[in-house]
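Okay, thanks for squeezing me in. I'll put the sequence and the model up, and then walk you through the parts I'd like us to look at.

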Amino acid sequence: MQEAFQLITTKLSSKIPVIVNWSSGFIGRDAFYEEFKKIPKLESGIRGIVLTVGCVPGMKVKSISLQKQVEEHPQDFMIDKFVTDIWEFSTSISGRQSPAALMIFSREHPHVGINTVEKLDYAMSPETVVVGGFCYDFRHTATEELACDAVALVFVADRNKPPGIGETKFHAALSSGLSPVGPTYRVDSVTEKYGCMAHLIVHREGPFEATEMEELSTMYIGVTKRRKCSVGQEKEKWMTSLAFHRILSTGTDNEYFLVEDVGVKTGDTFQCYLTDSNTARSSTDSVSNLVRSFNGSDKWEVSGGLIFASMHRGQPNGDSSLFLENLPGVTFAGTMCLGEMWRGDLIPQESQEQKSAQGCFLHRYNAVYLVMSYAP
């Protein structure tokens with residue numbers, strides 16, 4: 001990864017923000033055979049890189065990092081600084097506090113990752129499109145002073161753009177691969193273990209429902225959280241969100257759950273979710289219908305796209321088909337993630353899963369699609 005980063009930054013201008021991430025796999029057009037491939041990291045012996053270079057007329061782009069905590073500054077302080085750095089850059093270029101779009105790459109850290117995405121969801125305007133994913137590691141050009149936990153490509157509309165330059169727009173859609181099953185549970189007590197998992201004592205709410213738990217490696221809990229949130233010294237406000245945690249084990253009568261990650265609190269409610277390939281295909285079809293409408297636009301031309309897909313989705317080229325079949329000829333590429341980030345504007349009317357996901361920033365077993373369009 002370091003060699004790739006050095007090669008790319010040497011060949012490109014030093015003014016171009018560059019992020020190289022070590023992912024769970026990649027989606028892209030083979031440089032020799034001109035065919036699209038989805039290559040999971042688990043396929044032994046396969047190494048490669050997908051290089052995506054973007055031009056966004058009418059925009060200013062900057063990479064801004066979330067630095068690791070240091071002794072004098074706890075992580076919550078660093079997350080607030082990350083948010084205010086984004087605000088300040090956006091305000092200086094566009095006059096608006098929130099940018100047009102954010103593309104985030106983050107190491108999967110149980111505490112830092114969840115807190116960061118929840119704070120960004122609170123801090124950014126509803127009009128800000130957000131996509132991204134968790135990866136094993138990354139290199140970037142935002143700073144060389146301190147190690148960091150995440151980096152964001154920040155896209156801001158330039159209020160001083162030269163005459164004759166058109167407008168770039170960002171659109172994001174989510175293809176869900178999770179289906180809710182069973183009753184709702186309320187958390188009676190939480191014990192966090194090793195800083196990366198939580199033991200939950202729970203009880204069912206409502207009438208008893210006999211639920212057969214599937215293979216645990218394919219199940220998550222979707223936790224509804226109501227938390228106070230603020231940036232810096234501003235007044236705290238209440239925020240409701242949905243967060244997914246993978247189930248590691250359960251009691252014989254589901255009286256307890258051991259789940260990945262931390263952040264669940266006593267009083268939170270949740271429902272179990274099962275990974276479902278049929279749901280994933282149906283959801284991708286629904287999103288395809290929305291994306292296909294870009295072909296008929298006389299004003300806007302699709303200029304490119306990106307995919308952030310779960311490493312666990314088992315569709316060989318299903319995630320790529322959305323671009324290949326509906327936007328032929330459009331340049332796109334993708335990365336396979338440990339967890340996906342999405343907040344977007346393309347939501348199929350018939351998709352109940354995506355409606356429930358509107359309150360969720362961090363996703364699992366899904367595919368996130370970014371579509372960029374340009375009007376001269």
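So, to start: what share of the 376 residues of the protein counts as buried? The answer is 50%. Keep in mind that this is a predicted model. In terms of secondary structure, we've got six helices and 20 strands. The accessible surface comes to about 18,400 Å², and carbon and sulfur atoms hold 50% of that. As for contacts, take the ones with a separation of 6 or more: 79% of them are between residues 24 or more positions apart.

Let's go inside. In soluble globular proteins, nonpolar side chains tend to be buried together. Here, the largest nonpolar core has 31 residues, and the ones touching the most other members are Ile86, Leu102, Ile104, Leu120, Met124 and Val154. Which elements give two or more residues to this core? They are strand 4 (59–67), helix 2 (75–94), strand 5 (101–107), helix 3, strand 6 (129–135) and strand 8 (148–157). Helix 2 is the top contributor, with eight residues. There's also a second, separate core of 24 residues, with Phe105, Cys337, Trp342 and Val368 among them.

Zoom in on Ile104 for a second. Leaving out residues up to four places away in sequence, Ile104 touches Leu120, Val130, Val131, Gly132, Gly133, Val151, Ala152, Met341 and Phe361.

Now, empty space. Rolling a probe the size of a water molecule over the atoms shows where empty space is left. How many cavities of 30 Å³ or more does that give us here? Two, and the largest has about 80 Å³ of space in it. Its lining is made up of Ile114, Val117, Glu118, Asp121, Met239, Ser241, Leu242, Ala243, Phe361 and Leu362. Helix 3 (110–123) and strand 13 (237–250) are the elements that give two or more residues to that lining. By class, that's seven nonpolar, one polar and two charged. And yes, Phe361 is in this lining as well as on the list of residues that Ile104 touches.

The largest pocket is another story: about 1,500 Å³ of space. Its lining has 48 residues, and Ile19, Asn21, Val50, Leu51 and Thr52 are the closest to the centre. Strand 16, residues 301–310, gives the most to the lining, with six. Class by class, we're looking at 32 nonpolar, 13 polar and three charged residues.

Last bit, a few loop residues. Most residues other than glycine have a negative phi, and most peptide bonds are trans. Glu34 has a positive phi of about 60°, and Glu34 is in the loop between strand 2 (25–29) and strand 3 (36–40). Tyr365 has a positive phi too, about 55°, and Tyr365 lies in the loop between strand 19 (362–363) and strand 20 (367–375).

Is Tyr365 buried or exposed? Its relative accessibility is 11%, so Tyr365 counts as buried. Tyr194, on the other hand, has 75% relative accessibility and therefore counts as exposed. You'll find Tyr194 in the loop between strand 10 (178–193) and strand 11 (197–205). And if you measure across from there, Tyr194 and Asp261 are 9.8 Å apart in space, C-alpha to C-alpha, with their positions 67 residues apart in sequence.

That's what I had, so over to you.

Key. Residues are numbered from 1 along each chain as its sequence is written. This is a predicted model: local features need pLDDT of at least 70, side-chain atom pairs count only at pLDDT 80 or more; totals for chains, interfaces and linings use all residues. Side-chain values use heavy atoms; hydrogens and water are left out. Helices (H or I, at least four residues) and strands (E, at least two) are DSSP runs, numbered from the N terminus. Buried means under 20% relative accessible area, exposed over 50%, partly exposed in between (1.4 Å probe, protein chains only). Contact means heavy atoms within 4.5 Å. Accessible areas come from the Shrake-Rupley method with a 1.4 Å probe; for residues, only the protein chains shown count as cover. On a 1 Å grid over the protein atoms alone, a cavity is a set of points where a 1.4 Å probe fits but cannot get out, and a pocket is an open set with protein on both sides within 12 Å along at least five of seven lines; lining residues have an atom within 4 Å of a point. Grid points are joined across faces, edges and corners, and a volume is the space filled by probe spheres set on the points. Ala, Val, Leu, Ile, Met, Phe, Trp, Tyr, Cys and Pro count as nonpolar, Asp, Glu, Lys and Arg as charged, and the others, Gly among them, as polar. A nonpolar core is a set of buried Ala, Val, Leu, Ile, Met, Phe, Trp, Tyr and Cys residues joined through side-chain atoms within 4.5 Å.
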